Amino acid sequence: MNSTYSFVSALGVLCCSLSLAVPAANAQSKPRLVDAQVQTQAVASGLGQAFGTIVTGQQSPAWIGYGIAAVPGEHHMCDNCYDSGGCGRTYLEGRRPGVTIDTTGGKVALEAPRVAYVFFRVEHGAVQKIRVFSPECELDAGGLPVRWLTDVNQAESVALLSSFVRTKVERANASPSDNAALMALAQHADGSATAALDRFVAAGQPADIRKHAAFWLAAARGREGFQTLQRLVRVESDVAFRRELVFPISISHEPGVVDALIQLAHDSQSGVRSQALFWLAQKAGAKAAGTLADAVANDPDTEVKTRAVFGLSQLPKEEGVPRLIEVARTNRNPAVRKKAMFWLGQSGDPRATAFFEEILRGK
């Protein structure tokens, strides 16, 4: 489960605050840059060649950036966003000593912006870091040069970012531009981004790249991404990776997610069933409750049964507590009964207390 949980924080990238005041922008708009030496350059003749020339000639630290048309939805990608609304200043070079973070909140949009800004940190003739931001971010470049590129072709941007997707081994021995590239390309509205993620999630790619690509297919690519994951989980021969696919499927907002998880809860592999039951529990609802109860009663694997018991504990108390009491009272597996008792004890529900009193009195 630890490897799965590493993705949960990334969901904040997609929805960390409700938007309130900048109109929707287009891909030719510029970010709000401060303390930056900005130089603008058109690259209509080709992003790859122009980008390569700039990077090769840049020895001192600098940033290269451009705008892209972004996928629909909430994409608030600043370092300092607040529950009360608004985002403070984001420091590209890290917060400098003596600089106070602005917590007053920047502008945010009434409708989700349809643009994102991709930035590359360059030094010694190589890309060192990739970041992506939304329009409400105020970006502090720390006094460094910023080469702002215009007329960027979206498919060429996807191709450029794809060239920076590296395995863990490559990241350990080469420039640390890591899989922020996958996140950045996933934000592109252009269909070539989905095609690129499909390639990165395919069999034959390194496991860590496949896992990240699967996450972004679910989180950012809508119906097409969900359908790719559904197809993949049916044909995937690597059992460990099939297990990894359950979490991204669970975070998709597309219709059919609950049905997909229910189907996976009856998978032939216990690890897949266990994962599906865990994430199914987060969805609640009558379908989820029935599948969880069925797994507790009938699954042949005790570990899967106990995971399903945990799932029952995550249901609304009106639904979950009576089911847990029934499991604790009647299930033939002592490990399962024990687990049901544990979660009843954690519930703090008066019905659970009454059940414990009944047991202690020997009724």
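These legends accompany close-up views of a predicted model.

**View 1. The largest nonpolar core.** Start with the largest nonpolar core, which has 90 residues. The residues with the most contacts inside this core are Phe 51, Tyr 66, Val 118, Phe 120, Ile 130 and Trp 216. Helix 8, spanning residues 207-220, supplies the largest share of the core, with 9 residues. In soluble globular proteins, nonpolar side chains tend to be buried together.

**View 2. A second, separate core.** Now look for another core of 14 residues, separate from the one above. Its members include Cys 78, Cys 87, Val 115 and Phe 119.

**View 3. Ala 220 and its surroundings.** Here we turn to Ala 220, a residue of helix 8. With a relative accessible area of 10%, Ala 220 falls under the 20% cut-off and therefore counts as buried. Leaving aside residues up to four places away in sequence, Ala 220 touches Val 71 and Ala 186. You can also find His 188 in this view: the C-alpha atoms of Ala 220 and His 188 are 9.1 Å apart, although their positions lie 32 residues apart in sequence numbering.

**View 4. Helix 10, largely enclosed.** Helix 10 covers residues 239-251, and 10 of its 13 residues are buried, so the helix is largely enclosed by the rest of the structure. Among the buried residues are Phe 241, Leu 245, Val 246, Phe 247, Ile 249 and Ile 251. Arg 242, Glu 244, Pro 248 and Ser 250 are buried too.

**View 5. The start of helix 10.** Finally, take a look at Asp 238, at the start of helix 10. A side-chain oxygen of Asp 238 comes to within 3.0 Å of the backbone nitrogen of Ala 240.

Notes: Residues are numbered from 1 along each chain as its sequence is written. This is a predicted model: local features need pLDDT of at least 70, side-chain atom pairs count only at pLDDT 80 or more; totals for chains, interfaces and linings use all residues. Side-chain values use heavy atoms; hydrogens and water are left out. A nonpolar core is a set of buried Ala, Val, Leu, Ile, Met, Phe, Trp, Tyr and Cys residues joined through side-chain atoms within 4.5 Å. Buried means under 20% relative accessible area, exposed over 50%, partly exposed in between (1.4 Å probe, protein chains only). Helices (H or I, at least four residues) and strands (E, at least two) are DSSP runs, numbered from the N terminus. Contact means heavy atoms within 4.5 Å. A polar contact is a pair of N or O atoms within 3.5 Å; within protein, one must be able to donate a hydrogen and the other to accept it, and residues adjacent in sequence count only if both atoms are side-chain atoms.
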